[in-house]
Amino acid sequence: MSEQWAVRTAASIMERMPRMHEDKSYKGKWSYDYGVVLKGFELLWRQTGDRSYFRYIADNLEFFVQADGSIRGYRQDEYNIDHINNGKLFFSLYQETGDEKYRLAAGSLREQLKTHPRTSEGAFWHKNIYPYQIWLDGLYMGAPFYLEYLLAFEQAEGLDDVTKQFILCEKHTKDPVTGLLYHAWDEKRVQPWCNPQTGLSANFWGRSMGWYVMALVDVLELLPLSHKYYPELARILKDTLTALEKVQDKQTGVWYQVLNLGGSKGNYLEASASGMIVYAIAKGIRLGVLDTGWNTVLDRAYAGLLAEFVLETKEGWVNLNKNCQVAGLGGADGRDGTYAYYISEPIITNDLKGLGAFLQACTEVEHARVRVHDEHAAAGGGYDADV
């Protein structure tokens with residue numbers, strides 16, 4: 001293969017940030033961003049067998065996980081679903097090292113979910129400070145960890161509670177006209193950012209839908225095929241990606257910060273959302289949830305991802321440009337969910353959420369192309385593996 005973007009991106013991250021928590025942006029904070037990047041390293045390690053990627057995961061989480069399983073900087077009583085995300089790496093760390101502290105650390109995050117506040121139908125609040133609110137982001141942060149914990153340590157009991165999170169989220173956030181999902185929903189319909197009749201936020205934010213489709217494919221990979229709601233989650237994935245394909249930029253093949261307003265002043269093509277959607281399509285094809293017709297959409301999107309957002313430094317490092325640094329919904333802090341708000345947040349290079357999504361997307365796509373190349377070669381055919 002002429003370009004191994006996954007390997008080069010991983011090398012760039014390791015050289016720039018040997019310890020992510022030491023970066024001035026994080027200052028030792030228990031941040032969900034680490035988990036987005038480290039899941040990319042885990043996938044690359046699984047697919048290449050290169051132990052340096054596993055060591056990078058261990059080196060970055062060692063600082064946080066204490067001998068008794070407590071997690072530096074984590075507080076269960078904050079009930080922040082974002083704080084679950086890094087726990088996805090504890091399963092591999094426990095399996096590989098046998099160190100009990102990783103099982104205990106995973107258990108402490110599981111304890112949060114046992115008492116985490118919920119809507120009246122049982123969907124997790126995004127945070128304790130955001131009562132009765134479902135945000136698309138939260139599905140990625142909590143659901144894959146929750147499912148893997150149940151499978152690993154609770155005899156696969158209660159899987160319906162995981163699938164319910166996606167079903168309720170789609171029920172309350174899906175726009176019947178476009179099929180896109182609004183960023184968030186307030187059950188009480190009292191937040192200043194929501195429609196007082198529907199409880200919905202006002203716009204379709206790219207990265208929030210990226211989080212949602214990433215969460216879906218990660219859960220579908222783990223969920224037993226025999227589970228009664230597997231077909232429903234597969235249907236949600238296909239429907240959601242079909243809606244996203246309709247707003248895919250025709251010229252570049254990638255996606256906008258505000259998905260359905262591509263021609264509006266100030267809107268821009270955004271890297272993290274585009275990487276997340278590419279990852280979900282590629283993984284959906286690998287899992288057999290999406291048919292091979294999706295390869296056409298994937299090829300355009302992946303080519304656009306590289307062309308639109310990637311630049312190399314003189315050192316040969318990979319730079320990922322045009323990442324929305326952060327976006328959320330609040331009250332008096334100006335995060336009102338308007339179009340003007342979403343395009344006002346800082347746009348930065350090498351945001352960890354974007355890099356992590358890009359690394360995961362490249363690993364999925366490149367692995368698939370190697371596999372197809374090998375199958376063609378075994379059959380006596382030829383295949384151009386350039387990406």
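How many residues does helix 11 have, and how far does it reach from its first C-alpha to its last? In this predicted model, helix 11 has 16 residues and reaches 22 Å between those two atoms, close to the 22 Å expected at 1.5 Å a residue. With that helix as a way in, let's look at the chain as a whole and then come back to some details.

## The whole chain

The secondary structure comes to 13 helices and six strands. The radius of gyration is 20 Å, and the globule rule gives 21 Å for 387 residues; the two are close, so the chain is as compact as a globular protein of that length. If you lay the C-alpha trace along its principal axes, it spans about 60 × 55 × 45 Å.

How much of the chain is tucked away? Buried residues make up 58% of the 387 residues. The chain still exposes about 15,300 Å², and carbon and sulfur atoms supply 50% of that area.

The contacts are worth a look too. Take the contacts with a separation of 6 or more: 72% of them are between residues 24 or more positions apart. As for charge, the chain has 40 positive and 50 negative charges, and their mean positions are 3 Å apart.

## Three helices

Now back to the helices. Here are three of them side by side.

| Helix | Residues | Number of residues | End-to-end C-alpha distance | Expected span |
|---|---|---|---|---|
| Helix 8 | 206-222 | 17 residues | 25 Å | 24 Å |
| Helix 10 | 271-287 | 17 residues | 24 Å | 24 Å |
| Helix 11 | 294-309 | 16 residues | 22 Å | 22 Å |

Helix 8 is mostly covered, with 15 of its 17 residues buried. In helix 10, 15 of the 17 residues are buried, so this helix is largely enclosed by the rest of the structure. Just after helix 10 comes glycine 288, which takes a positive phi of about 80°.

Helix 11 has its own set of buried residues, including Trp294, Val297, Leu298, Ala301 and Tyr302. Further along helix 11, Gly304, Leu305, Leu306 and Phe309 are buried as well. Let's pick out leucine 306: its relative accessibility is 12%, and it counts as buried because that is under the 20% cut-off. The C-alpha atom of leucine 306 is 40 Å from that of threonine 119, and the two residues are 187 residues apart along the chain.

## Two buried lysines

Is lysine 283 buried or exposed? Lysine 283, which sits in helix 10, is buried, with a relative accessible area of 4%. Leaving out residues up to four places away in sequence, lysine 283 touches Val217, Asp218, Glu221 and Glu364. Its C-alpha atom is 8.9 Å from that of methionine 214, although the two are 69 residues apart along the chain.

Lysine 88 is found in the loop between helix 3 (51-62) and helix 4 (90-97). Lysine 88 is buried, with a relative accessible area of 3%. Neighbours within four places in sequence aside, the contacts of lysine 88 are Lys39, Tyr140, Met141, Pro144, Phe145 and Glu148. The C-alpha atoms of lysine 88 and glycine 35 are separated by 7.3 Å, with their positions 53 residues apart along the chain.

## Loops to look at

Two more lysines turn up in loops. Lysine 27 lies between helix 1 (5-16) and helix 2 (33-48), and it is exposed, with a relative accessible area of 72%. Lysine 27 has a positive phi of about 50°, although it is not a glycine.

Lysine 322 is in the loop between strand 4 (318-320) and strand 5 (323-324). Its phi is positive, about 65°, and lysine 322 is not a glycine either. At a relative accessible area of 32%, lysine 322 is partly exposed.

Last stop: glycine 331, in the loop between strand 5 and helix 12 (339-342). Glycine 331 counts as partly exposed, at 43% relative accessibility. Which residue can you find 7.1 Å from glycine 331, going by C-alpha atoms? That is glutamine 191, which is 140 residues away along the chain.

Conventions. Residues are numbered from 1 along each chain as its sequence is written. This is a predicted model: local features need pLDDT of at least 70, side-chain atom pairs count only at pLDDT 80 or more; totals for chains, interfaces and linings use all residues. Side-chain values use heavy atoms; hydrogens and water are left out. Helices (H or I, at least four residues) and strands (E, at least two) are DSSP runs, numbered from the N terminus. The expected span of a helix is 1.5 Å times one less than its number of residues. Buried means under 20% relative accessible area, exposed over 50%, partly exposed in between (1.4 Å probe, protein chains only). The radius of gyration is taken over C-alpha atoms; the globule rule is 2.2 Å times the number of residues to the power 0.38. Contact means heavy atoms within 4.5 Å. Accessible areas come from the Shrake-Rupley method with a 1.4 Å probe; for residues, only the protein chains shown count as cover. Lys and Arg count as positive and Asp and Glu as negative; His and the chain ends are not counted. The place of a charge is taken as NZ of Lys, CZ of Arg, CG of Asp or CD of Glu.
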